[in-house]
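Open the model in your viewer and keep the sequence panel visible. The stops below say what to select and what is there.

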Amino acid sequence: MAARSKVLRIASIVDGLVCDELHQSAAESVTAGTDVGNQLLCFGAAVPQRHVLFVVQDGRYVLDLPQRVGGQLVMRGRAVNIGQLWRKRLREDPRARSLRVALDPSTRGKLDVGETTLLFQFAAPQPVPPKPPFPAEFKARPSNMWTRSDMATLLAAFMLFGPYFIWASSKHIDYTIEPEIDERFLRVMNLDRTKPKKEEPEEEKNDEEVLAKEDEQLKPKKEDKVIDKPVITQKTYSKESMDKARGVGIARVLGTYGGNGPGTVFDVIQSTENNLGELFAAGMTATVLPDGTVVSPYVPGGEGISAQGAIVGTKGFEAQGPELAELEKKERKINSSVKSSGADVYGDADKKAVQATIRQRTGALQACYNKALQTNPGLAGKISYTITISVMGTVTDVRINDDSLQDAGVQTCTVAKIKGWRFPTTPGAEQASDVTFSVVFSGGS
């Protein structure tokens, strides 16, 4: 059977982080609960201590769901809400305590077990890990290498000889006992055999010499005379000299005067292609219109642009004649329609608020459809979505169930826009809600 060729692969998610993963090597049952002995450890007050969540019967997997377990299953491309299955089960047997669902290799799903989310699917079996060549219980350990009598002997020897070795390692060696120390020992230990020299007392200086040196230090030194004379400069200069000196001063400020070096401000200004000379000749001016719009005169062929970048009175950009009429004839108008229908809510979210929000935001998907119609005018169809709304009103997951439109660009664009939707929060909501709705795209020629 096909079920025997695939096994379960399960990921355990807590607070949005993957904390555990199970990939089976062969088909076998899987337990879940709050006990650490389970294969899947789950958290929550309503979670059972131990429960066989996946049962193997006749080579096939059967999902055995206890009470208060939510989520969604996708079987053969069809999404089924677990809450809907529970309601159907309770109508058949009001005393039912568990829900059993037979799974096939195409099944995948999400289970909300307390505060833990379990994502599962079927995959190829994981290779069986090789067995160790030697049993782990016979691994070499200090307790297996030494008997109690050996350990007692070593402890007694340490207590007997340990203090002696500690004393010998810290005992000071007197290097002055030359006859008792061998010359080879001194060379090996890198010890100096020479005796320390005695420091000779310094000769006492004569009092007269000390007094003479102090008198020399107290004598004032001769200071250099500073002559304060005014520097006489030429008072009048020619106009040509002044202009040249002013240009050199500006070049020095910009860092370009004298010597080669890396690019400077002046070099960058001269190397630009913006025709700065013409702009400076025109004058750094701006015109303020009566409505408050600021206009700059620096647009070739026109009158200017506003300070916000809008074109104002630019005659050079105006197109007239048969060319413009030809372009207007070639332009094709797109009349498209995007409508939503069948919004089913499974969870704690307010059904009316969710349906109203979807109707209001469906129009945002029309841009994705119009873009596709430019290359495929006959495109039309319906897409069915299933979204997950958190208790905060954000869209955490978007899945496509059925798609008769069959356009990858529209799928990607609409899924991205739906993920940005925000729904009103529902007071008292404790778990996320799943919403299934369809969108009809029509109007293509």
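**Stop 1: a helix with a kink**

Select residues 148–170, which make up helix α3: its 23 residues reach 33 Å from the first C-alpha to the last, close to the 33 Å expected at 1.5 Å a residue. The expected span is 1.5 Å times one less than the number of residues. Helices (H or I, at least four residues) and strands (E, at least two) are DSSP runs, numbered from the N terminus. This is a predicted model, in which local features need pLDDT of at least 70 and side-chain atom pairs count only at pLDDT 80 or more, while totals for chains, interfaces and linings use all residues. Residues are numbered from 1 along each chain as its sequence is written, and side-chain values use heavy atoms, with hydrogens and water left out.

Now centre on Phe161, where α3 has a kink of about 40°, shortly before the proline Pro163. The bend at a residue is the angle between axes fitted to the seven residues ending there and the seven starting there.

**Stop 2: the six-stranded sheet**

Select β2, β1, β11, β10, β7 and β8, which in that order form an open sheet with antiparallel pairing. Two strands pair if DSSP finds at least two bridges between them. At the edges are β2 (17–23) and β8, each pairing on one side only. From one strand to the next the twist averages 15°; axes are lines fitted to C-alpha atoms, for helices over the stretch in contact, and angles run from 0 to 180 degrees between N-to-C directions.

Begin at the β2 edge. Strand β1 (residues 7–14) runs antiparallel to β2 and is joined to it by six bridges. Show Ile13 and Val18 to see one facing pair, with Val18 in β2.

Move to the other edge, where four bridges join the antiparallel strands β7 and β8. Gln72 has Asn81 in β8 as its bridge partner. The hairpin of these strands has two residues between them, and Arg76 there takes a positive phi near 55°. Arg76 is not a glycine, and its place is the loop between β7 (69–75) and β8 (78–81). Is Arg76 buried or exposed? Its relative accessibility is 71%, so Arg76 counts as exposed. Buried means under 20% relative accessible area, exposed over 50%, and partly exposed in between (1.4 Å probe, protein chains only).

Add helix α1 (residues 82–92), which lies across β7, β8 and β10 (108–113) and runs at about 105° to β7.

**Stop 3: an enclosed strand**

Select strand β6 (residues 60–66). Six of its seven residues are buried, so β6 is largely enclosed by the rest of the structure. Strand β5 (residues 51–57) pairs with β6 in the antiparallel sense over four bridges, and Val55 stands opposite Val62 in β6. The β5–β6 hairpin has two residues between its strands, and Asp58 in the turn has a positive phi of about 55°.

Next add strand β9 (residues 98–102), which pairs antiparallel with β6 over five bridges. Here Val62 stands opposite Ala102 in β9.

**Stop 4: the four-stranded sheet**

Select the open sheet of four strands, with antiparallel pairing in the order β15-β18-β16-β17. Its edge strands are β15 (337–346) and β17, each of which pairs on one side only. The twist averages 20° from one strand to the next.

Strand β16 (residues 381–389) pairs with β17 in the antiparallel sense over seven bridges. One bridge to show is that of Ile389 with Val395 in β17. Helix α10 (residues 351–361) packs on the sheet and touches β15, β16 and β18 (433–442), its direction making about 160° with that of β15. Contact means heavy atoms within 4.5 Å.

Follow the chain past β17 to Gln406, in the loop between β17 (395–403) and α12 (408–419). Gln406 has a positive phi near 55° and is a residue other than glycine. With 60% relative accessibility, Gln406 counts as exposed.

**Stop 5: the nonpolar cores**

Which residues touch the most other members of the largest nonpolar core? Show Tyr385, Ile387, Phe437 and Phe441, out of the 27 residues in that core. A nonpolar core is a set of buried Ala, Val, Leu, Ile, Met, Phe, Trp, Tyr and Cys residues joined through side-chain atoms within 4.5 Å. The elements that give two or more residues to this core are β15, α10, α11 (366–373), β16, β17, α12 and β18. Apart from it lies another core, of 26 residues, including Val47, Leu65, Ile82 and Val113.
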